[in-house]
Amino acid sequence: QVQLVESGGGLVQPGGSLRLSCVVSGLSFSAYNMAWYRQAPGNQRIFVARIWPTGTTNYADSVKGRFTISRDNAKNTVFLQMNNLKPEDTAVYYCYVPKFDSWGQGTQVTVSS
């Protein structure tokens, strides 16, 4: 059974940074794409970033240049480094394995002064 556990969310001021982590178990982590999504109150869950096994990445336009997705295959962990955070980045952030349609429980990120 695939399990994903996110951590690293919190309250940060505009312009600040956070690093999210997602530890994945129950699969051969290095073989699969990993992604981050987010859901703001009253909105749909939307794509943020994806990383392929090769290390190739892509991002939503709204986060390009500010967020960086990475992975540590030895630790079965995917990261999302978020810099220059804005109030509109406030959301619950979810880790996702597309191949298995598996989601983590989410971690809250709040950007506010």
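This is a short talk on the fold, the surface and the aromatic residues of one protein model.

To begin with, the model is predicted. The protein has 11 strands and 0 helices. Read from the N terminus, then, the order of elements is β-β-β-β-β-β-β-β-β-β-β.

On overall dimensions, the C-alpha trace spans about 40 × 25 × 20 Å along its principal axes. The radius of gyration is 13 Å, which agrees with the value near 13 Å that a compact globule of 113 residues would have. Of the contacts with a separation of 6 or more, 53% are between residues 24 or more positions apart.

Next, burial and surface. Of the 113 residues, 42% are buried. The accessible surface is about 5,800 Å², and carbon and sulfur atoms account for 46% of that surface. As for charge, there are 10 positive and 6 negative charges, and the mean positions of the two sets are 4 Å apart.

One of the charged residues deserves a slide. Where does Arg66 sit? Arg66 is in the loop between strand 6, residues 57–59, and strand 7, residues 67–72. Is Arg66 buried or exposed? Its relative accessible area is 8%, and the cut-off for buried is under 20%, so Arg66 counts as buried. Beyond its neighbours within four places in sequence, Arg66 contacts Gln81, Met82, Asn83, Asn84, Leu85, Lys86 and Asp89.

Now the aromatics. How many aromatic pairs are there? The count is 6. One of them joins Tyr37 and Phe47: the ring centres are 5.7 Å apart and the planes are at 80°, so this pair is edge-to-face. Tyr37 belongs to strand 4, residues 34–39, and Phe47 to strand 5, residues 46–51, so the pair ties together parts that are 10 residues apart in sequence. Tyr37 is buried at 16% relative accessible area, whereas Phe47, at 24%, is partly exposed.

Another pair is Tyr96 with Trp103, and this one is stacked, with 4.0 Å from centre to centre and 25° between the planes. Here too one partner is buried, namely Tyr96 with a relative accessible area of 11%. Trp103 is partly exposed, at 32%.

Which residues make up the aromatic cluster? Tyr37, Phe47, Tyr94, Tyr96 and Trp103 form one cluster. Both pairs I described therefore have their members in that cluster: Tyr37 with Phe47, and Tyr96 with Trp103.

To recap: 11 strands and 0 helices, a buried Arg66 in a loop, and an aromatic cluster that includes Tyr94. That is the end of the talk.

Key. Residues are numbered from 1 along each chain as its sequence is written. This is a predicted model: local features need pLDDT of at least 70, side-chain atom pairs count only at pLDDT 80 or more; totals for chains, interfaces and linings use all residues. Side-chain values use heavy atoms; hydrogens and water are left out. Helices (H or I, at least four residues) and strands (E, at least two) are DSSP runs, numbered from the N terminus. The radius of gyration is taken over C-alpha atoms; the globule rule is 2.2 Å times the number of residues to the power 0.38. Buried means under 20% relative accessible area, exposed over 50%, partly exposed in between (1.4 Å probe, protein chains only). Contact means heavy atoms within 4.5 Å. Accessible areas come from the Shrake-Rupley method with a 1.4 Å probe; for residues, only the protein chains shown count as cover. Lys and Arg count as positive and Asp and Glu as negative; His and the chain ends are not counted. The place of a charge is taken as NZ of Lys, CZ of Arg, CG of Asp or CD of Glu. Rings of Phe, Tyr and Trp (its six-membered ring) pair if their centres lie within 6.5 Å; planes under 30 degrees apart count as stacked, over 60 as edge-to-face and the rest as tilted.
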